[in-house]
4 protein chains.
Amino acid sequence: MIKVGIIGGSGYGGSELLRLLLFHPQVDIKLVTANEHAGKRVDAVHPNLAKLTDLIFAPTNDEHNFAELDCVFLALPHGQAMELVPKLPQSVKIIDLSGDFRLNDAEVFKEFYGREHTAMQVQSEFVYGLTEVKRQQIKEATRIANPGCFATALELGLYPFIASGLATGKIIADLKTGSSGSGAKPAAGTHHPKRANSFYAYKIFAHQHQPEVEQLLTTANKDWQQDSTLVMQTHSLPTVRGIFASIYFTTRVAMTTDEIGGLMRDFYANEFFIRFAKGSPDINWVKHTNFVDLSWAVSGDTVIVFVALDNLVKGASGQAVQNMNLMFGIEERTGLVMAGSNP
Amino acid sequence: MIKVGIIGGSGYGGSELLRLLLFHPQVDIKLVTANEHAGKRVDAVHPNLAKLTDLIFAPTNDEHNFAELDCVFLALPHGQAMELVPKLPQSVKIIDLSGDFRLNDAEVFKEFYGREHTAMQVQSEFVYGLTEVKRQQIKEATRIANPGCFATALELGLYPFIASGLATGKIIADLKTGSSGSGAKPAAGTHHPKRANSFYAYKIFAHQHQPEVEQLLTTANKDWQQDSTLVMQTHSLPTVRGIFASIYFTTRVAMTTDEIGGLMRDFYANEFFIRFAKGSPDINWVKHTNFVDLSWAVSGDTVIVFVALDNLVKGASGQAVQNMNLMFGIEERTGLVMAGSNP
Amino acid sequence: MIKVGIIGGSGYGGSELLRLLLFHPQVDIKLVTANEHAGKRVDAVHPNLAKLTDLIFAPTNDEHNFAELDCVFLALPHGQAMELVPKLPQSVKIIDLSGDFRLNDAEVFKEFYGREHTAMQVQSEFVYGLTEVKRQQIKEATRIANPGCFATALELGLYPFIASGLATGKIIADLKTGSSGSGAKPAAGTHHPKRANSFYAYKIFAHQHQPEVEQLLTTANKDWQQDSTLVMQTHSLPTVRGIFASIYFTTRVAMTTDEIGGLMRDFYANEFFIRFAKGSPDINWVKHTNFVDLSWAVSGDTVIVFVALDNLVKGASGQAVQNMNLMFGIEERTGLVMAGSNP
Amino acid sequence: MIKVGIIGGSGYGGSELLRLLLFHPQVDIKLVTANEHAGKRVDAVHPNLAKLTDLIFAPTNDEHNFAELDCVFLALPHGQAMELVPKLPQSVKIIDLSGDFRLNDAEVFKEFYGREHTAMQVQSEFVYGLTEVKRQQIKEATRIANPGCFATALELGLYPFIASGLATGKIIADLKTGSSGSGAKPAAGTHHPKRANSFYAYKIFAHQHQPEVEQLLTTANKDWQQDSTLVMQTHSLPTVRGIFASIYFTTRVAMTTDEIGGLMRDFYANEFFIRFAKGSPDINWVKHTNFVDLSWAVSGDTVIVFVALDNLVKGASGQAVQNMNLMFGIEERTGLVMAGSNP
């Protein structure tokens with residue numbers, strides 16, 4: 001059994017890690033922490049888990065015997081993982097769900113996250129955990145920077161076209177997310193009376209996942225930005241769950257829908273969690289699961305790729321578990337094969 | 001023109017007062033206040049009002065020349081109106097949307113609102129503003145305690161049966177409200193990810209509108225509680241707008257649906273804002289309006305009365321404007337005749 | 001492995017049976033049928049199941065070799081199971097999710113379902129499948145009439161009080177359901193523009209689950225209706241999932257909250273799927289699971305019992321699987337231990 | 001008073017025409033028709049209008065004395081207006097809310113609407129009713145082809161940039177609409193259990209509003225398509241109301257945000273119904289009103305224009321009334337100055 005700790009278990013990332021790991025046949029959750037909820041039963045904060053666990057939240061900031069653990073998931077607000085990671089023993093594998101270790105450029109980090117990076121010396125130990133693309137490196141990694149929710153959608157949709165050099169010019173990524181992406185803490189943007197009937201753009205030209213996506217795509221094709229630019233714009237949906245990406249780009253030569261389909265099907269031929277949707281994917285069909293639903297359409301030299309995933313599963317905790325499975329040499333799907341519901 | 005002040009204009013009560021009063025043909029809004037938003041344009045806080053007003057929020061706690069005003073609406077959190085009212089000149093008519101002056105018993109107030117009442121000496125100047133029932137007193141009043149949202153629904157549904165002495169035994173009022181009833185400030189109960197798929201009971205056996213309803217019904221029939229008890233239970237709906245009440249009671253003698261209907265139609269014969277729905281009312285048909293939709297059903301000696309209204313209009317700001325119209329001797333419907341939308 | 005057939009797999013009952021049974025470790029789905037979708041892949045109708053099954057819908061009305069099956073689930077519209085059941089071999093265990101075989105009185109059936117019962121001769125072979133209450137009979141049964149969604153909530157909330165003779169007088173059950181309870185076929189009441197902001201009562205004094213509940217409660221206490229009456233009223237919630245019941249009744253003697261709690265805890269002491277919620281249950285915490293969350297409150301001689309469950313799981317397909325487990329002598333929870341999500 | 005007929009008053013376009021015209025101080029509704037609801041009171045179909053009208057639906061297909069009317073609104077499904085228009089007397093002004101008379105090319109009509117145009121001989125009598133752009137022609141028109149909902153959003157966002165020749169290359173318009181855009185008739189795509197948690201693309205590369213937008217933009221700049229292409233993609237939002245457009249394009253030369261702002265503010269300087277939002281517009285702030293909220297952002301040579309409007313008001317019935325006002329020489333805003341609500 002893998003002895004696991006979840007640091008920051010009261011937010012939505014932690015909530016989903018608990019939902020998945022409590023049923024993972026090879027995981028034993030030894031530690032789960034919280035701040036204001038420290039001392040409470042986990043099911044007092046997550047009533048969905050009543051009858052399923054007797055765990056109690058330990059205080060996040062106490063001393064913990066991390067050396068007893070095999071794997072630690074960090075589900076903390078941005079900026080806290082970089083405080084904690086240098087204190088953790090090398091023997092413990094780390095999967096960080098925050099943005100702290102995704103970027104390898106301290107200046108870019110500061111620009112997008114609005115703070116100095118205080119642990120850049122260990123950033124290079126982190127492998128970027130986009131499972132389908134970085135599987136071999138993840139298997140050998142001891143530290144994973146788990147991708148952002150928007151980034152996962154955008155990267156999986158674009159990677160085959162960047163790697164093959166087919167995309168050129170401006171890539172327009174119009175992105176939409178449900179309210180759970182803003183976390184468990186009440187705020188103006190997630191106040192029900194306002195959010196329930198709303199749709200709006202936010203972080204205009206300024207989302208922190210943009211440099212993460214550009215960095216990942218550069219590992220696919222170091223020259224892609226010579227004649228291509230990524231424009232990514234995020235919007236707020238009045239659903240709880242889901243990321244939907246509409247990605248528009250120009251191909252170097254006009255291609256048929258079948259040719260695009262062939263490329264995608266080849267690229268993701270053996271990927272269990274990648275599904276190809278008829279027409280358009282729908283966030284309704286991926287909710288609560290680790291699946292990514294993709295489709296595409298072509299008109300002349302214009303391609304649209306549509307991507308739907310659950311921001312808290314494939315966009316966060318599900319992919320984190322997928323990465324843990326690889327790091328510990330167990331079957332990648334373990335604990336993640338589950339159906340969403342209709343309706 | 002009636003010179004009006006709105007004290008507390010940034011919350012939802014104030015927001016709806018602004019929406020209604022900006023279009024009221026006999027009202028001139030001279031003052032609108034806020035705390036944290038003081039100094040901002042009103043349409044910066046209420047973007048729905050852009051192009052419709054150039055008003056700016058004055059600080060709530062500044063000295064204002066209230067004597068220049070004809071009417072002041074207090075749309076403040078519970079407990080603040082009782083601080084302010086004693087400082088207001090007698091020449092200004094007051095309509096208080098909070099619960100501060102609804103109850104005439106200081107002990108009951110303390111029990112349900114959790115604080116000492118500090119201005120009980122002026123409470124008797126207030127008329128309870130359930131328009132359809134207290135019209136004559138409202139016309140002569142200078143101070144109005146505007147009814148609560150649940151209370152309005154429950155009182156309008158029950159009054160004919162209490163006044164006529166028909167209801168007996170336990171009256172069960174199962175009440176449901178949309179999220180706007182919790183106000184404009186983000187909180188755990190109105191966090192979109194939680195609220196969007198939820199339904200739950202709250203303030204179990206303990207809602208502060210209960211004594212207000214009992215007090216009002218006693219004015220209909222001072223002995224009604226000799227053989228009758230009100231059980232009222234509130235629940236949270238995942239809509240933004242709306243109160244729905246299902247009121248169950250026993251009649252002293254079995255009555256037909258037509259007899260019940262006759263009683264209701266007689267009682268509310270000339271009431272423009274009371275509508276009788278076929279089958280069940282639906283909060284969808286009253287949203288954004290001052291209408292109250294009622295229906296009833298009978299089986300043996302059991303009656304169910306259904307009531308739907310918009311918690312922020314007939315349940316708060318709309319009824320407040322209706323009362324202002326009466327107090328100033330103008331047509332009661334002025335500024336309030338508007339259609340909700342389908343859908 | 002239990003060889004299973006699902007007759008009527010394209011609706012929501014069938015959809016949830018598929019979601020559960022595809023992952024059930026002792027079930028092999030040999031047959032799944034549909035009418036208009038016959039010939040299609042299951043995941044074309046239920047895209048949530050893509051990558052999880054290659055099953056294809058057989059035509060419901062074809063001849064099937066039922067004798068090869070161990071268990072057949074009937075997830076058909078009301079009135080169709082009674083056509084099919086007499087044609088099925090006695091060797092096949094049957095679990096009917098419709099209302100066709102729940103009532104043992106043909107007259108009552110006709111009154112509430114609006115049609116003659118054509119297979120009353122086999123009705124007595126059916127055991128009413130309220131698992132927690134009828135466990136022993138279910139274990140020995142070959143035919144199960146699976147309870148209705150509202151009925152399950154109401155029966156589980158009331159049974160301890162009827163069995164113990166504590167409840168007296170009028171029992172008021174105010175019931176609310178999400179839109180999935182109306183099935184997969186588009187209709188006026190589930191048209192999104194209308195339903196999304198609505199709340200209303202329906203089937204006033206006339207829901208077909210009422211006689212089912214009365215019949216079940218009579219097995220707890222044959223005399224309960226001598227001094228007690230059930231008033232049950234159903235309402236439509238603008239959620240997709242969930243039943244919430246607020247049940248009000250009078251106790252023969254005043255009891256404390258602790259005494260009520262003791263009764264409930266004793267009665268459901270060993271029931272895994274019954275959970276006791278703090279304050280109020282919430283449909284948000286039971287969605288997609290077989291759990292039933294209960295709480296209660298007492299004031300004088302008035303008790304309120306709150307019940308929340310997922311109408312499609314414990315209220316339909318989940319309880320059906322729970323019953324199948326019992327009928328085949330395997331652990332009752334098999335395939336049903338899963339967490340809902342937060343949020 | 002303008003004597004008005006509404007042909008097709010039971011759908012959502014008709015519903016909103018009724019909501020607006022019943023309160024229009026210079027309109028007298030003489031005729032409102034329906035098919036299946038013929039003979040019913042209008043408020044039986046639109047319960048939001050109870051107490052506000054005693055109108056009764058006449059049968060759409062009866063002979064009506066149209067010559068007595070001053071203005072007829074056609075709110076019929078696509079394909080029916082072209083049957084009716086040739087039969088209407090020239091003396092009656094016509095405002096058609098369908099797509100029947102928007103396109104001046106019969107081949108394009110056939111391609112996008114899937115049917116032959118049967119009244120192309122009268123199409124040239126129709127003026128395209130994008131009020132802010134075609135005001136002078138509308139004033140002199142006797143027949144108006146009222147713009148589509150998506151088209152209105154896209155055209156108002158793009159027109160200043162096409163007219164000025166600033167936009168070049170591919171224009172990507174990512175469009176989202178609420179469920180009311182699909183009309184009042186229940187269908188799979190608007191089934192509440194499916195729609196409530198969904199987001200998906202539809203009519204991929206194939207929405208019928210595309211040629212309408214291209215035709216309108218060509219009146220701004222006949223050569224715009226020489227070096228520019230419009231890519232427009234529509235998506236379904238789980239709200240009831242609202243269109244949100246995110247429009248991405250490249251400027252011929254890099255411009256600052258202020259320069260873009262100057263262009264927009266100049267272009268729409270005197271337009272009451274055009275508002276400029278801070279940050280992003282939000283469909284929540286325009287719902288139920290004729291306002292169009294716009295904002296923009298610039299990064300290098302990339303511009304994003306955001307547009308929010310209510311699909312049934314400015315996107316249909318509100319703009320139709322605005323056009324009627326112009327055609328009859330009365331103040332353009334008459335009957336349309338109203339606030340949406342917060343929340």
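1. Between chain D and chain C of this predicted model, the number of salt bridges is 0. Polar contacts are nevertheless present across this interface, with 10 residue pairs counted, both partners at pLDDT 80 or more. The side of chain D that touches chain C is made up of 9 nonpolar, 8 polar and 3 charged residues.

2. The extent of the contact between chain D and chain C can be stated in two ways. In residues, 20 of chain D are in contact with 20 of chain C. In area, the two chains bury about 1300 Å² between them, and 66% of this lies on carbon and sulfur atoms. On the chain D side, the residues that lose the most area to chain C are His191(D), His192(D) and Pro193(D), which together account for 48% of what that side buries. Helix 7 of chain D, residues 192–195, provides the largest share of the side that touches chain C, namely 4 residues.

3. The interface of chain C and chain B should be considered separately. Here 41 residues of chain C are in contact with 41 residues of chain B. The buried area is about 3200 Å², and carbon and sulfur atoms give 69% of it.

4. Which charged and polar pairs join chain C and chain B? Across this interface there are 6 salt bridges. A salt bridge links Asp282(C) to Lys194(B), with the closest N and O atoms 3.1 Å apart. Polar contacts across the interface of chain C and chain B amount to 22 residue pairs, both residues at pLDDT 80 or more.

5. Several elements of chain C give two or more residues to the side that touches chain B. The strands among them include strand 8 (167–177), strand 10 (228–236), strand 11 (243–251), strand 13 (292–299) and strand 14 (302–309). Helix 7 (192–195) and helix 10 (283–286) of chain C also belong to this group. By residue class, the side of chain C that touches chain B divides into 23 nonpolar, 12 polar and 6 charged residues.

6. The relation between these two copies is as follows. A turn of 180 degrees, with a shift of 0.0 Å along the axis, lays chain C on chain B with an RMSD of 0.0 Å. This is the relation of a two-fold axis. The same surface serves both copies, since 100% of the contact residues of chain C recur in chain B.

7. Within chain A, the domain assignment gives domain 1 (2–125) and domain 2 (150–311). Their C-alpha centres lie 26 Å apart. Contact between the domains involves 12 residues of domain 1 and 12 residues of domain 2. Together the domains of chain A bury about 990 Å², 55% of it on carbon and sulfur atoms. Of the area that domain 1 of chain A buries against domain 2, Tyr12(A), Arg102(A) and Phe112(A) supply 51%, more than any other three residues.

8. Between domain 1 and domain 2 of chain A, the count is 2 salt bridges. The side chains of Arg102(A) and Glu212(A) form a salt bridge, at 3.1 Å from N to O. Residue pairs in polar contact between the two domains of chain A number 5, both residues at pLDDT 80 or more. Helix 1 (12–21) and helix 4 (106–113) of chain A each supply at least two residues of the side of domain 1 that touches domain 2. That side of domain 1 of chain A comprises 5 nonpolar, 4 polar and 3 charged residues.

Terms used:
Residues are numbered from 1 along each chain as its sequence is written. Chains are lettered from A and ligands numbered from 1 in the order in which they are written. This is a predicted model: local features need pLDDT of at least 70, side-chain atom pairs count only at pLDDT 80 or more; totals for chains, interfaces and linings use all residues. Side-chain values use heavy atoms; hydrogens and water are left out. Domain bounds come from an automatic or database domain assignment. Contact means heavy atoms within 4.5 Å. Buried area is the accessible area (1.4 Å probe) that two parts lose on being put together, summed over both. A salt bridge is a side-chain nitrogen of Lys or Arg within 4 Å of a carboxyl oxygen of Asp or Glu. A polar contact is a pair of N or O atoms within 3.5 Å; within protein, one must be able to donate a hydrogen and the other to accept it, and residues adjacent in sequence count only if both atoms are side-chain atoms. Ala, Val, Leu, Ile, Met, Phe, Trp, Tyr, Cys and Pro count as nonpolar, Asp, Glu, Lys and Arg as charged, and the others, Gly among them, as polar. Copies are superposed by least squares on the C-alpha atoms of residues with pLDDT of at least 70 in both.
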